[in-house]
Amino acid sequence: FLFVAFALFTIGAIGAMTRKNMIVLLMCIELMLNAVNLMLVTFSTYYGSGDAQIFVFFTMVVAAAEATVGLSIIIMAYRNLKSIDIDMFNQLKN
């Protein structure tokens with residue numbers, strides 16, 4: 001499971017660094033969060049402790065809130081700019 005989690009995190013990190021689409025960027029961030037959750041559950045099961053699984057629950061709540069806020073920002077940006085390109089977000093500063 002650790003190799004799967006490492007592969008998921010690597011795919012998410014590469015996608016977050018190379019993609020210009022904001023929706024794909026949010027999906028890559030979610031992929032990285034899920035990889036960390038998988039790693040936490042793996043270590044929790046290996047050591048026989050349930051502490052990390054509780055932490056995973058709170059991480060999933062934060063990820064859901066991040067997706068909600070992120071999608072609302074994307075919708076607002078698309079209404080104003082007619083694009084969801086990350087480079088266009090600099091225009092929102094003015």
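## Burial and overall form

Of the 94 residues in this protein, 24% are buried. The model is a predicted one, and the surface that the protein exposes comes to about 6,700 Å². Carbon and sulfur atoms supply 73% of that exposed area.

As for secondary structure, the protein has 3 helices and 0 strands, and reading along the sequence gives the pattern α-α-α. The radius of gyration is 16 Å, well over the 12 Å that the globule rule gives for 94 residues, so the protein is more spread out than a compact globule. Along the principal axes, the C-alpha trace spans about 50 × 25 × 15 Å. If you like contact statistics, here is one: among contacts between residues at least 6 apart in sequence, 53% join residues at least 24 apart.

## How α2 and α3 pack

Now for a helix pair. Helix α2 covers residues 22-47 and helix α3 covers residues 51-81. Their axes lie 9 Å apart, and the two helices pack at an angle of about 175°. Angles over 145 degrees count as roughly antiparallel, and α2 and α3 are therefore roughly antiparallel to each other.

Which residues make the contact? From α2 come Met22, Ile23, Leu26, Ile29, Glu30, Leu33, Asn37, Leu40, Val41, Ser44 and Thr45. From α3 come Ala52, Gln53, Phe55, Val56, Thr59, Met60, Ala63, Glu66, Ala67, Gly70, Leu71 and Ile74. Sorted by class, this contact of α2 with α3 has 15 nonpolar, 6 polar and 2 charged residues.

## Two buried residues of α2

Serine 44 is a good place to zoom in: it sits in helix α2 and is one of the residues in the contact with α3. Its relative accessibility is 5%, so serine 44 counts as buried, the cut-off for that class being under 20%. Setting aside residues up to four places away in sequence, serine 44 touches Ser49, Gly50, Ala52 and Gln53. Ala52 and Gln53 are also among the α3 residues in the helix contact.

Methionine 32 is in helix α2 too. Is methionine 32 buried or exposed? With a relative accessible area of 17%, methionine 32 is buried. Beyond its neighbours within four places in sequence, methionine 32 is in contact with Phe9, Gly12, Ala13 and Ala16. These four partners fall within α1, which runs 2-18. Methionine 32 and alanine 7 are 25 residues apart in sequence, and their C-alpha atoms are 9.7 Å apart in space.

## An exposed residue and a loop residue

Over on helix α3 we find threonine 68. Its relative accessibility is 55%, so threonine 68 counts as exposed; the exposed class begins over 50%. How far apart in space are threonine 68 and phenylalanine 6, C-alpha to C-alpha? The separation is 26 Å, for residues 62 places apart in sequence.

Arginine 19 belongs to the loop between α1 and α2. Leaving out residues up to four places away in sequence, arginine 19 touches Val24 and Ile86. Along the chain, arginine 19 and isoleucine 86 are 67 residues apart, while their C-alpha atoms are separated by 8.7 Å.

Methods. Residues numbered from 1 in each chain as written. Predicted model: local features only at pLDDT ≥ 70, side-chain atom pairs only at ≥ 80, totals over all residues. Heavy atoms only, no water. Axes fitted to C-alpha atoms, helices over the stretch in contact; angles between N-to-C directions. Parallel < 35°, antiparallel > 145°, perpendicular 65-115°, else oblique. Contact = heavy atoms within 4.5 Å. Nonpolar A, V, L, I, M, F, W, Y, C, P; charged D, E, K, R; others polar. Buried < 20%, exposed > 50% of the residue type's maximum accessible area, 1.4 Å probe, protein only. Rg over C-alpha atoms; globule rule 2.2 N^0.38 Å. Areas by Shrake-Rupley, 256 points an atom, 1.4 Å probe, with all protein chains shown as cover.
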